[in-house]
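This report examines how a protein chain is held in its fold, moving from charged side chains to aromatic rings and then to the surface. Please keep the sequence and the structure in view while reading.

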Amino acid sequence: MGSSSIRSFSRFCKSLGPPEKNLMVGLPLFLTIQQHSRPYIRYHITPKGLTRHSVNSHHLRFPLHHSFSSSAPSSHSKIGFIAWYLGKLEAHPLITKALSSSLIYAAADITSQMITLPSNASFDSIRTLRMAGYGMLILGPSQHMWFNFASKILPKRDLVTTFKKIFMGQAVYGPIITSIFFSVNAALQGETKGEIVARLKRDLLPTLRNGLMYWPICDFLTFKFVPVPLQVF
């Protein structure tokens, strides 16, 4: 091998992964590719007759890292799921976000019950269904419309615009959606109108105040870095 071939072989081996794979696979395969790297001749019919041009085999696509990587199937499945989900978001954004919100809310409630329930208490599946239904029918669709509305009236993504969106969320959307959450959840549990009003007076302001500890950070990351079609929470 010449010096250029040695450098090429070194780069080639690095693409294969661990050193032991470099020794066992790298050299024979590299020599084989080098041996068969002569130009290929392609012919095309044109009005002036036959023309030909050469294509070097180095220009052909050769996905070695997929062929020799043991993690390729799992990475392909992850990429496949992401591509499938992005396709659903593009084709059916409202339904996809509603279902995503439902699954997230159900998972959050299950986790909450696992952490907070006493050992002798039973799991409240009806509560989880309430949370899942709220996420699918109310929160998911409303956030889809809210994020689209915010990006329409404030389309830029600079810092000033991002902070404007955060303020809008905390001053307008947050109080409205939190009030709806308390009201719907209480109504589904059988509370009367007076009891719901009393709950809002008791819990709404403390909930909004506690939310100021983390929701502005979440909103900043969402508005600044997440594309609008992917904004779910």
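In this predicted model, the side chains of D203 and R199 meet in a salt bridge, with 4.0 Å from N to O. Both residues belong to helix α8, which covers residues 193-211. They stand four residues apart, about one turn of the helix. Is this pair buried or exposed? D203 is buried, and R199 is buried as well. Salt bridges with shared partners join E191, R199, R202 and D203 into one network. Within this network, E191 forms a salt bridge with R199, and their closest N and O atoms are 2.3 Å apart.

**Other charged side chains**

Side chains of opposite charge can pair when their charged atoms come close. How many salt bridges does a search of the whole structure find? The search finds four. One of them is formed by D109 and R127, whose closest N and O atoms are 2.5 Å apart. D109 lies in helix α5 and R127 in helix α6, so this pair ties together parts that are 18 residues apart in sequence. The two partners may also be described by their accessibility. D109 is buried because its relative accessible area is 5%, and buried means under 20%. R127 has a relative accessible area of 26% and is partly exposed.

Three of the salt bridges are collected below.

| Acidic residue | Basic residue | Closest N to O distance |
|---|---|---|
| D109 | R127 | 2.5 Å |
| E191 | R199 | 2.3 Å |
| D203 | R199 | 4.0 Å |

K97 presents another case. This lysine lies in helix α5, which spans residues 93-116. K97 is buried yet has no salt bridge. Why does K97 have no salt bridge? The nearest side chain of opposite charge, E90, is 13 Å away, whereas a salt bridge requires the nitrogen and oxygen to lie within 4 Å, so the pair does not qualify. Leaving out residues up to four places away in sequence, K97 touches L89, G140, H144, V228, P229, Q231 and V232.

**Aromatic pairs**

The count of aromatic pairs comes to eleven. One of these pairs is formed by Y105 and Y134. Their rings are tilted, with 5.5 Å from centre to centre and 50° between the planes. The pair links distant parts of the chain, since Y105 is in helix α5 and Y134 is in helix α6 (residues 125-153), 29 residues apart. Y134 is buried, with a relative accessible area of 5%. A further tilted pair consists of F163 and F220, at 5.9 Å centre to centre with 35° between the planes. F163 lies in helix α7 (residues 159-188) and F220 in helix α9 (residues 215-225), so this pair ties together parts that are 57 residues apart in sequence. F220 counts as partly exposed because its relative accessibility is 23%. Y105 and Y134 also belong to an aromatic cluster, which they form together with F181 and F182.

Helix α7 also contains T161, which is buried with a relative accessible area of 8%. The C-alpha atoms of T161 and K224 are separated by 9.1 Å, although the two residues are 63 residues apart along the chain. With its neighbours within four places in sequence left aside, T161 is in contact with L154 and K156.

**Surface and overall plan**

Which residues make the nonpolar surface patch of about 510 Å²? The patch is made by F81, I82, W84, L86 and L230. I82 is found in helix α4, which covers residues 72-91. With a relative accessible area of 48%, I82 is partly exposed.

The protein as a whole has nine helices and two strands. From the N terminus on, its elements run α-α-β-β-α-α-α-α-α-α-α. Of its 233 residues, 27% count as buried. The accessible surface comes to about 16,000 Å², and 68% of this belongs to carbon and sulfur atoms. Among contacts with a separation of 6 or more, 56% are between residues 24 or more positions apart.

Notes:
Residues are numbered from 1 along each chain as its sequence is written. This is a predicted model: local features need pLDDT of at least 70, side-chain atom pairs count only at pLDDT 80 or more; totals for chains, interfaces and linings use all residues. Side-chain values use heavy atoms; hydrogens and water are left out. Buried means under 20% relative accessible area, exposed over 50%, partly exposed in between (1.4 Å probe, protein chains only). Lys and Arg count as positive and Asp and Glu as negative; His and the chain ends are not counted. Contact means heavy atoms within 4.5 Å. Rings of Phe, Tyr and Trp (its six-membered ring) pair if their centres lie within 6.5 Å; planes under 30 degrees apart count as stacked, over 60 as edge-to-face and the rest as tilted. Patches are made of residues with over 30% relative accessible area and no salt bridge: like charges are joined within 9 Å, nonpolar side chains (Val, Leu, Ile, Met, Phe, Trp, Tyr) within 5 Å. Accessible areas come from the Shrake-Rupley method with a 1.4 Å probe; for residues, only the protein chains shown count as cover.
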